[in-house]
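Student: I have a protein model open in front of me. Where do I start reading?
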Amino acid sequence: MSLAAVASPHFPPSWAYQIRMAASQGQFLHAISLFLQMRASVAPRSSVPASLPAALKSCAGLGLCTLAASLHALAIRSGSFADRFTANALLNLCIKLPGFHHPFGTDGPSGEGGLESAAYESMRKVFDEMLERDAVSWNTLILGCAEHKRHQEALSMVREMWRDGFMPDTFTLSTVLPIFAECADIKRGMVVHGYAIKNGFDNDVFVGSSLIDMYANCTQMDYSMKVFDSFSDCDAVLWNSMLAGYAQNGSVEEALGIFRRMLQAGVRPVPVTFSSLIPAFGNLSLLRLGKQLHAYLIRARFNDNIFISSSLIDMYCKCGNVNIARRVFNGIQSPDIVSWTAMIMGYALHGPATEAFVLFERMELGNVKPNHITFLAVLTACSHAGLVDKGWKYFNSMSNQYGFVPSLEHCAALADTLGRAGDLDEAYNFISEMKIKPTSSVWSTLLRACRVHKNTVLAEEVAKKIFELEPKSMGSHVILSNMYSASGRWNEAAQLRKSIRIKGMKKEPACSWIEVKNKLHVFIAHDKSHPCYDRIIDALNVYSEQMIRQGYVPNMEDVLQDIEEEQKREVLCGHSEKLAIVFGIISTPPETTIRVMKNLRVCVDCHTATKFISKIVAREIVVRDGQPPLDASAIYNSSLRHFEISDSKFPLHSISLSYDNLAWMLALVEISADLWSIRSALQGTEEIGCLVYFPCVIKLFVLEE
């Protein structure tokens, strides 16, 4: 044995060292256990201030409010609060655990808002009583203000920080930039960007991602791309920020381009990548591309991630394919509240509504507590199914059973339920007596119900309320004008249209579009410019005769012109959604699903005609418009469903696969609703041919490396 070894015996690590190491490695439970053992042993008094910051950090990580309150008292009693590191840890604790200052809930402000206010006051008190502050102290306080939505206080703290001699650093900038992103304040965001460039902070990945998000929220994707391109080596954070920016702005093609570039750069996608990309397909109803992405997720083994699965459920529901959404939902071993809510909302919008109620009850039995969005989903199901009693039951249980205060959206959903059921007076009284001041959109739900139930007197009263809140509400003017026309009050309708012109308001022209063979076809009412217009009209006349024989009666009330009955029939035949549906039927093989999108609400006559046509041609016809469905009933799976319109272009490319990616196609077959079979033949080292057989369609893909 050497002399040095004899002279320097090995001492075990100190308590403080062990606790700090455990906390730094994320072993919070072990750190707390060590801290309690230290307190029970004969440890040096210096161990408490040395280990207290790590113990407080562990409490924040584990959510231990009661122990955190005890440690706070210990810090004050032992004098450790004078230590800057302990005080900073307490500041962080106030942000992570807003309720630790009242761990037993015995007093203090009630409700979520009161809890946040008390947490902010506690955080500010800790900061004000600190004997020594550093940049971490200021940044922690600024972060707390930002997370508690006290944006003005956060910005004023930045100015005070500067006056106190501490220059804002990268952490400060990445904290305040999301504030400007949320407020879409591009001017002040650019000021921060300039400061970052001047001080060399623009090369920081977190500042860069915050700048990308800020410009994306301000719809300035060109600036986001410039920030992105300024980095020579982009990591996953920057790639995901760029992808999310394009996706949230509806630029699906650009988002897909970023995704491809990300893969080519060798950056492996993470779950948040797909959580940003998948909703873009659902919002634009791009089911084909959504299925391709789902296939990639299966191949890359991301499909077991619960966040991705929830996004897939939401996408398929928005695309109208509830069956595949349910298949994804059933594959989740332990659904969380997001998964449950997405599936319930899918059934609420597309039916059957009874499945939404069954799932809600199953969720309650599984000890998963519903949130405010879940209640909005079941109230929407009650609205579409016309179940007034159930609507009141769920609305009252929000506050009585779960302690939620109904928001404006919940009140609007219940008012819509009453209006659809014909209880117009009750709906009017409910909206008038709401604790929250109703907006024009809430009154608009009742106005639409008045039109359905032909109550012009109440509609005039409701329209006055809307015009007081939103004088240039184009939709409300049009609905009231149409009601006047439908009831034969042509003078009032003419006066209202004249006032629309005087106010300088313009009605958005109705148009429908359908994608056939990777090409987008747009139709406007009575537009004869389409090359297949004559064929469409001939086929539509044939279907009209068959519909009449099966009991179809044209709804002349949807023709708001003072013309003869025969002319009204011709007007109804020229509606854009009918032209798009018939074009899809004559342009695709039998049994192909017809998917049509429209920018405005589908009229009652087109809704009825769609169901008759669906029955005649024995096809599934999905027509989505910019409004919730008029009716949840369907014949041969034909129904109206909710659709959100975006101005972005639809991608016109088809599936692209390589030999290595053949598993992608096999995965796509597994999740497809169609009965597919695949044959593949190797045609050399550079390409492979792949035949995909649909029931009545054969598609050939030549795949190049």
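Tutor: We will go through charged pairs, an annotated repeat, strands and nonpolar cores in turn. Keep in mind that this is a predicted model.

Student: Let's begin with charges. How many salt bridges does the structure hold?

Tutor: Look for a Lys or Arg nitrogen within 4 Å of an Asp or Glu carboxyl oxygen. This structure holds 12 such salt bridges.

Student: Which residue forms a salt bridge with Arg84?

Tutor: Asp134 does, and the closest N and O atoms are 2.8 Å apart. This pair links distant parts of the chain, 50 residues apart. Arg84 belongs to helix α6 (residues 84–96). Asp134 lies in the loop between α7 (111–128) and α8 (135–147).

Student: Are these two residues buried or exposed, or something in between?

Tutor: Use the cut-off: buried means under 20% relative accessible area, exposed means over 50%, and partly exposed is in between. Arg84 has 22%, so it is partly exposed. Asp134 has 16%, so it counts as buried.

Student: What about a salt bridge inside one helix?

Tutor: Check the spacing along the chain. Arg124 forms a salt bridge with Asp128, with the closest N and O atoms 3.1 Å apart. The two are four residues apart in helix α7, so about one helical turn separates them. Asp128 is partly exposed, at 43% relative accessible area.

Student: Where do Arg420 and Asp416 lie?

Tutor: Both lie in helix α24 (residues 408–420). They are four residues apart, about one turn of the helix. Their side chains meet in a salt bridge of 2.9 Å, N to O. Arg420 is partly exposed at 25% relative accessibility, whereas Asp416 is buried at 16%.

Student: Which residues do salt bridges with shared partners join into one network?

Tutor: Arg84, Glu132 and Asp134 are joined in that way. You have already met Arg84 and Asp134 as a pair.

Student: Next, the annotation. Which residues does "repeat: PPR" cover?

Tutor: The label comes from an unreviewed UniProt entry. It covers residues 134–168, 235–269 and 336–370. Now compare a label with the model. Over residues 134–168 the chain is 74% helix and 0% strand, and the end C-alpha atoms are 11 Å apart. Residues 235–269 are 74% helix and 0% strand, with end C-alpha atoms 10 Å apart.

Student: On to strands. In which sense do β1 and β2 pair?

Tutor: Follow the chain direction along each strand. β1 and strand β2 (residues 519–524) pair in the antiparallel sense, over six bridges. Trp513 stands opposite Val522 in β2. The hairpin of β1 and β2 has two residues between the strands. There, Lys517 takes a positive phi near 55°.

Student: How do β3 and its partners pair?

Tutor: β3 (residues 594–598) pairs with β1 in the antiparallel sense, over three bridges. β3 and β4 pair in the parallel sense, over four bridges. In that second pairing, Val596 stands opposite Val623 in β4.

Student: Why is β1 called largely enclosed?

Tutor: Count its buried residues. Five of the six residues of β1 (residues 511–516) are buried, so the rest of the structure largely encloses this strand. For β4 (residues 621–625) the count is five of five, so β4 is also largely enclosed. Ile621, Val623 and Asp625 point one way from β4, and Val622 and Arg624 the other way. All of them are buried.

Student: Can you show me one strand residue in detail?

Tutor: Take Ser512, in strand β1. Its relative accessible area is 0%, so Ser512 is buried. Its bridge partner in β3 is Lys598. Ser512 touches several residues further along the chain, among them His521, Phe523, Ser576 and Ala580. The C-alpha atoms of Ser512 and Ile581 are separated by 9.2 Å, though the two are 69 residues apart along the chain.

Student: Last topic: cores. How many residues has the largest nonpolar core?

Tutor: It has 158 residues. Those with the most contacts inside it include Phe274, Met343 and Leu446. This core draws at least three residues from each of domain 1 (269–334) and domain 2 (440–503). Phe274 touches residues including Phe259, Leu293, Tyr296 and Ile308. A second, separate core of 28 residues includes Ile514, Cys532, Ala539 and Val596.

Conventions
Residues numbered from 1 in each chain as written. Predicted model: local features only at pLDDT ≥ 70, side-chain atom pairs only at ≥ 80, totals over all residues. Heavy atoms only, no water. Buried < 20%, exposed > 50% of the residue type's maximum accessible area, 1.4 Å probe, protein only. UniProt positions renumbered as here; feature names shortened; annotations may be inferred. Pairing = 2+ DSSP bridges. Core = buried A, V, L, I, M, F, W, Y, C linked by side-chain atoms within 4.5 Å. Domains from an automatic or database assignment. Contact = heavy atoms within 4.5 Å. Lists of a residue's contacts leave out its neighbours within four places in sequence.
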